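Biologist: Please pick one helix and go through it closely: its geometry, which side chains are covered, and what spaces it borders. Then set it beside other parts of the chain.

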Amino acid sequence: MDKVLSFHQGRLPLLISMPHAGLKLTDAVRDGLVEPARSLPDTDWHIPRLYDFARELGASVVAAEYSRFVIDLNRPDDDKPLYVGATTGLYPATLFDGEPLFREGKVASAAERATYLERIWRPYHDTIRGELERLRAEFGYALLWDAHSIRSHIPHLFDGKLPDFNLGTFNGASCDPELAERLQGVCAEAEGYSHVLNGRFKGGHITRHYGDPASHVHAVQLELAQSTYMDEVEPFAYRQDLAQPTQAVLRKLLQALIAWGDERYGR
């Protein structure tokens, strides 16, 4: 495998994870995709660009290079389902609209998939684990922000239009409730945007696995409606006119996250 992730080490006790931003495909996956999948429609488009201010804030950032169509970094390695009802697995078999992802007989082999697990999934999680351990050793605590986005209308996955900001804390298990309340307050003050806490998206494997308030690791997932910063149809263009005010809210959310940690742990 070539480069499977990008990583920047920051100066604050905050790690931002971007597991679904990757666009690379392996030959086996590329050759097997159905035509509608070739444009990679289920990507968390432009997330590194949307969060391009994070390094300036002092956050560490890890981002995937490979597409979730190869392997989903936000699923457990045993592929146990995270949600009741329609969802996608460690090795996605369907598009978000429920249609098959691969042509008949063109799914990557078990041996290929084992390679993806060892050479793409594990390095990403080793990076998260190692950085959280470093942050906790240096600061006494660590904050993890799992950054996602998704089309605002996907009838196969959820009814109606998705709220703009979908915060997930695994029903309160992955971070301190005071932190979740503060983040909700930022969203409530964001004029023109809707939000929900632990709605359809409660946090995937990364939030659930690494969030451990008792050990001073607080994890939050944000599933952002793509209508807030881009065109949701091909060619999935980034919209600066939409993105700029959305970035302002994202900045306030991360600043609130950092400030809460400073206050809670006395930095």
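Modeller: The account below takes helix H4 and the spaces it borders, then two further helices and some backbone features.

This is a predicted model, in which local features need pLDDT of at least 70 and side-chain atom pairs count only at pLDDT 80 or more, while totals for chains, interfaces and linings use all residues. Residues are numbered from 1 along each chain as its sequence is written, and side-chain values use heavy atoms, with hydrogens and water left out.

H4 covers residues 110–139; helices (H or I, at least four residues) and strands (E, at least two) are DSSP runs, numbered from the N terminus. Its 30 residues should span 44 Å at 1.5 Å a residue, and the end C-alpha atoms are 42 Å apart, so the two values agree. The expected span is 1.5 Å times one less than the number of residues. The helix bends by about 35° at Arg-122, the bend being the angle between axes fitted to the seven residues ending there and the seven starting there. Pro-123 follows within four residues of that point. Just past the end of H4, Gly-140 has a positive phi of about 90°.

The buried residues of H4 are Tyr-116, Leu-117, Ile-120, Trp-121, Tyr-124, His-125, Thr-127, Ile-128, Glu-131, Leu-132, Leu-135 and Phe-139. Buried means under 20% relative accessible area, exposed over 50%, and partly exposed in between (1.4 Å probe, protein chains only). An α-helix has 3.6 residues a turn, so residues three or four places apart point the same way.

H4 also borders open space. The second largest pocket has a volume of about 150 Å³. On a 1 Å grid over the protein atoms alone, a pocket is an open set of points with protein on both sides within 12 Å along at least five of seven lines; a cavity is a set where a 1.4 Å probe fits but cannot get out; lining residues have an atom within 4 Å of a point. Points are joined across faces, edges and corners, and a volume is the space filled by probe spheres set on them. Arg-129, Leu-132, Glu-133, Arg-136, His-209, Tyr-210, Asp-212, Ser-215 and Val-217 line this pocket. H4 gives the largest share, 4 residues, and helix H6 (205–210) also supplies at least two. Leu-132, on the buried list of H4, is among the lining residues. The lining has 3 nonpolar, 2 polar and 4 charged residues (Ala, Val, Leu, Ile, Met, Phe, Trp, Tyr, Cys and Pro count as nonpolar, Asp, Glu, Lys and Arg as charged, and the others, Gly among them, as polar).

Enclosed space comes next. The structure holds 2 cavities of 30 Å³ or more, and the second largest has a volume of about 30 Å³. Its lining is made up of Val-29, Phe-69, Val-70, Tyr-91, Phe-102, Val-107, Ala-108, Arg-113 and Tyr-116. Of these, Tyr-116 is also a buried residue of H4. By class, this lining has 8 nonpolar, no polar and 1 charged residues.

Two other helices serve for comparison. H5 (residues 177–189) has 13 residues and reaches 19 Å from first C-alpha to last, close to the 18 Å expected. Its buried residues are Leu-179, Ala-180, Leu-183, Val-186 and Cys-187. Viewed down the axis, they fall within an arc of 115°, so they line one face of the helix; the arc is that of the directions from the helix axis to the C-beta atoms. Pro-177, Glu-178, Glu-181, Ala-188 and Glu-189 are exposed on the other side. H7 (residues 240–265) has 26 residues and reaches 36 Å, close to the 38 Å expected. Among its buried residues are Thr-246, Gln-247 and Trp-260. Just after H7, Gly-266 takes a positive phi of about 70°.

Some loop backbone also stands out. Most residues other than glycine have a negative phi, and most peptide bonds are trans. Phe-170 has a positive phi near 50°; it sits in the loop between S5 and H5 and is partly exposed at 32% relative accessible area. Asn-198 has a positive phi of about 55°, lies in the loop between strand S6 (195–197) and H6, and is buried at 14%. A cis peptide bond, with omega about 10°, joins Glu-234 and Pro-235, and Pro-235 lies in the loop between strand S7 (217–225) and H7.
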